[in-house]
Amino acid sequence: MSTDGEWTLRGDLELFGIKLPERFDLEEWAASLRNQPAQNTMIFATAAAIVFYYAERAHNPKVADFYDALIYCTTNLSVGYSDIFAKTPLGKLVGSALMPFGPALSGAALDGPRDPGRRETQKEILETLQQILAQLESQKITS
């Protein structure tokens, strides 16, 4: 926590025993989630449910046990429909983290790992399209 009393996410997470690295690259972390989408979705949802449960259990009558927290978190992975609403700042933070990442993770969960050759295929398609465009433009100029 900051010594001057200023709120910081890092400081609040440290109160819960969660230590973030000094340098955290969100883009790199998000890209790494594509490697094992089903496993990462389960880990992400379970970790979020644990944090949500500990944040909400004494403050939210709708969160009586871990499974209530799990229901809240898993519904945020898709449509976000639940009768449970976050009451604490940390609970709201968990919901805010789940809502942008959750649908993408759950949508990719059954796709399997990313094909390493996909990037090369996309490059070949782009090169072919550029050649076609160049040929069409040259025909347009001559006519």
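Exposed means a relative accessible area over 50%. The views below come from a predicted model.

**View 1. Pro89, an exposed residue of helix H5**. Pro89 is part of helix H5. Its relative accessible area is 69%, so Pro89 counts as exposed. Pro89 and Asp12 lie 77 residues apart along the chain. Their C-alpha atoms are separated by 9.9 Å.

**View 2. The whole chain, an all-helix pattern**. The protein chain holds six helices and zero strands. Along the sequence the pattern reads α-α-α-α-α-α. Of the 143 residues in the chain, 24% are buried. Take the contacts between residues at least 6 apart in sequence: 56% of them join residues at least 24 apart.

**View 3. Helix H3, its span and its buried residues**. Helix H3 covers residues 37-56. What span should its 20 residues give at 1.5 Å a residue? The expected value is 28 Å, because the span is 1.5 Å times one less than the number of residues. The end C-alpha atoms of H3 are 27 Å apart, which agrees. Buried residues of H3 include Pro37, Asn40, Thr41, Phe44 and Ala45. Ala48, Ala49, Phe52 and Tyr53 are also buried. So are Ala55 and Glu56.

**View 4. Asn60, a buried residue in the loop between H3 and H4**. Asn60 sits in the loop that runs between these two helices. Its relative accessibility is 3%, so Asn60 counts as buried. The side chain of Asn60 reaches the backbone nitrogen of Lys62 at 3.1 Å. Leaving aside neighbours within four places in sequence, Asn60 is in contact with Ile84, Phe85, Ala86 and Lys87.

**View 5. Gly91, a buried glycine of helix H5**. Gly91 belongs to helix H5. Buried or exposed? Gly91 has 0% relative accessibility and therefore counts as buried. Residues up to four places away in sequence are not counted in what follows. Gly91 touches Phe52, Ala55 and Glu56. Gly91 also touches Tyr72 and Ala86. Phe52, Ala55 and Glu56 are buried residues of H3. From Gly91 to Asn60 the C-alpha distance is 9.9 Å, with their positions 31 residues apart in sequence.

**View 6. Helices H4 and H5, packed at an angle**. The axes of H4 and H5 run 8 Å apart, at an angle of about 40°. H4 is therefore oblique to H5. H4 brings Tyr72, Cys73 and Asn76 to the contact. H5 brings Gly91, Val94, Gly95, Leu98, Met99, Gly102 and Pro103. How many of the contact residues are nonpolar, polar and charged? Six are nonpolar, four are polar and none is charged.

**View 7. Thr75, a buried residue of helix H4**. Helix H4 covers residues 66-76, and Thr75 is in it. Thr75 has 16% relative accessibility, so it counts as buried. The cut-off for buried is under 20%. A polar atom of the Thr75 side chain lies 2.8 Å from the backbone oxygen of Tyr72. Tyr72 is also one of the H4 residues in the contact with H5. Not counting residues up to four places away in sequence, Thr75 touches Gly80, Tyr81 and Ser82.

Conventions:
Residues are numbered from 1 along each chain as its sequence is written. This is a predicted model: local features need pLDDT of at least 70, side-chain atom pairs count only at pLDDT 80 or more; totals for chains, interfaces and linings use all residues. Side-chain values use heavy atoms; hydrogens and water are left out. Helices (H or I, at least four residues) and strands (E, at least two) are DSSP runs, numbered from the N terminus. Buried means under 20% relative accessible area, exposed over 50%, partly exposed in between (1.4 Å probe, protein chains only). A polar contact is a pair of N or O atoms within 3.5 Å; within protein, one must be able to donate a hydrogen and the other to accept it, and residues adjacent in sequence count only if both atoms are side-chain atoms. Contact means heavy atoms within 4.5 Å. Axes are lines fitted to C-alpha atoms, for helices over the stretch in contact, and angles run from 0 to 180 degrees between N-to-C directions. Angles under 35 degrees count as roughly parallel, over 145 as roughly antiparallel, 65 to 115 as roughly perpendicular and the rest as oblique. Ala, Val, Leu, Ile, Met, Phe, Trp, Tyr, Cys and Pro count as nonpolar, Asp, Glu, Lys and Arg as charged, and the others, Gly among them, as polar.
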